[in-house]
Amino acid sequence: QVQLVESGGGLMQPGGSLRLSCAASGTFFSLYVMGWYRQAPGKQRELVATIGTNTYTNYADSVKGRFTVSRDNAKTTVYLQMNSLKPEDTAVYYCNAHGTRFVAGTDYWGQGTQVTVSS
């Protein structure tokens with residue numbers, strides 16, 4: 001069982017920066033592909049970024065060059081650095097852990113953290 005707790009959301013002006021954190025409890029953190037997803041009001045949840053067990057990263061086109069995902073396996077935490085924020089980045093951001101190898105087939109979600117970009 002993995003529990004995920006996001007933090008770092010809030011209100012920011014356009015052009016500003018925020019860093020989200022997702023602290024994971026449980027074992028085998030290094031075996032999980034960690035991801036950030038977001039859901040805006042009235043829209044489906046969408047992928048923002050993922051970071052693999054080998055630290056390979058993948059980004060949605062809408063955030064490439066502005067957002068950076070990273071992980072610290074020693075701290076069992078994944079981060080999302082968000083720069084040059086735009087109003088369209090406003091959403092609830094969710095952390096996801098997708099199991100690989102002998103924890104394959106497991107998927108966990110955090111409770112979400114609100115990010116609002118507005119002047």
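Select R66 and D89 in this predicted model. The two side chains form a salt bridge, with the closest N and O atoms 2.8 Å apart. R66 sits in the loop between β6 (57–59) and β7 (67–72), while D89 sits in the loop between β8 (77–82) and β9 (91–99), so the pair ties together parts that are 23 residues apart in sequence. Colour both residues by accessibility. R66 is buried at a relative accessible area of 10%, and D89 is buried as well, at 0%.

Keep that pair on screen and add R38 and E46. What links R38, E46, R66 and D89? They are joined in a network of salt bridges. Within it, E46 and R38 meet through their side chains, N to O, at 2.7 Å. The two ends of this bridge fall into separate accessibility classes: R38 counts as buried, at 5% relative accessibility, whereas E46 is partly exposed, at 36%.

Next select K64 and D61. This is a salt bridge too, and its closest N and O atoms are 3.1 Å apart. D61 counts as exposed, with 64% relative accessibility. The count for the model comes to four salt bridges.

Now hide the side chains and show the strands, starting with β4 (residues 32–39). On which strands does β4 find partners? One of them is β9, which pairs with β4 in the antiparallel sense over eight bridges. To locate this pairing, pick V33, whose bridge partner in β9 is H98. Another partner is β5 (residues 46–51), antiparallel to β4 over five bridges. Two residue pairs mark this ladder: Y37 stands opposite L47 in β5, and W36 has A49 as its bridge partner.

Follow the chain from β4 into β5. The hairpin has six residues between its strands, and G42 in it takes a positive phi near 80 degrees. Continue from β5 to β6. These strands run antiparallel and are joined by three bridges; T50 is matched with N58 in β6. The hairpin of β5 and β6 has five residues between the strands, and there T55 takes a positive phi near 70 degrees.

Move to the open sheet and select β1, β3, β8 and β7. Those four strands lie in the order β1-β3-β8-β7, with antiparallel pairing. β1 (3–7) and β7 stand at the edges with a single partner strand each, so one side of each has no neighbour in the sheet. From one strand to the next the twist averages 15 degrees. At the β7 end, β7 and β8 pair over six bridges in the antiparallel sense. Select S70 to find a point on this pairing: Y79 in β8 stands opposite.

Stay with this sheet and select S21, which is placed in strand β3. Is S21 buried or exposed? S21 is buried, with a relative accessible area of 17%. Beyond its neighbours within four places in sequence, S21 is in contact with V5, E6, S7, W36, T77, V78 and Y79.

For the last stop, show the nonpolar side chains. The largest nonpolar core has 31 residues, of which L4, M34, W36, L80, M82 and Y93 touch the most other members. Which elements give two or more residues to this core? They are β3 (18–25), β4, β5, β7, β8, β9 and β11 (113–117).

Centre the view on L80, one of the core residues just named. Leaving aside neighbours within four places in sequence, the contacts of L80 include W36 and Y93, which are also among the residues that touch the most other core members. Show the rest of the L80 contacts as well: L18, R19, L20, V48, A49, F67, T68 and V69. W36 connects several stops of this tour: it is the bridge partner of A49 in β5, and it is in contact with S21 and with L80.

Notes. Residues are numbered from 1 along each chain as its sequence is written. Side-chain values use heavy atoms; hydrogens and water are left out. Buried means under 20% relative accessible area, exposed over 50%, partly exposed in between (1.4 Å probe, protein chains only). Two strands pair if DSSP finds at least two bridges between them. Axes are lines fitted to C-alpha atoms, for helices over the stretch in contact, and angles run from 0 to 180 degrees between N-to-C directions. A nonpolar core is a set of buried Ala, Val, Leu, Ile, Met, Phe, Trp, Tyr and Cys residues joined through side-chain atoms within 4.5 Å. Contact means heavy atoms within 4.5 Å.
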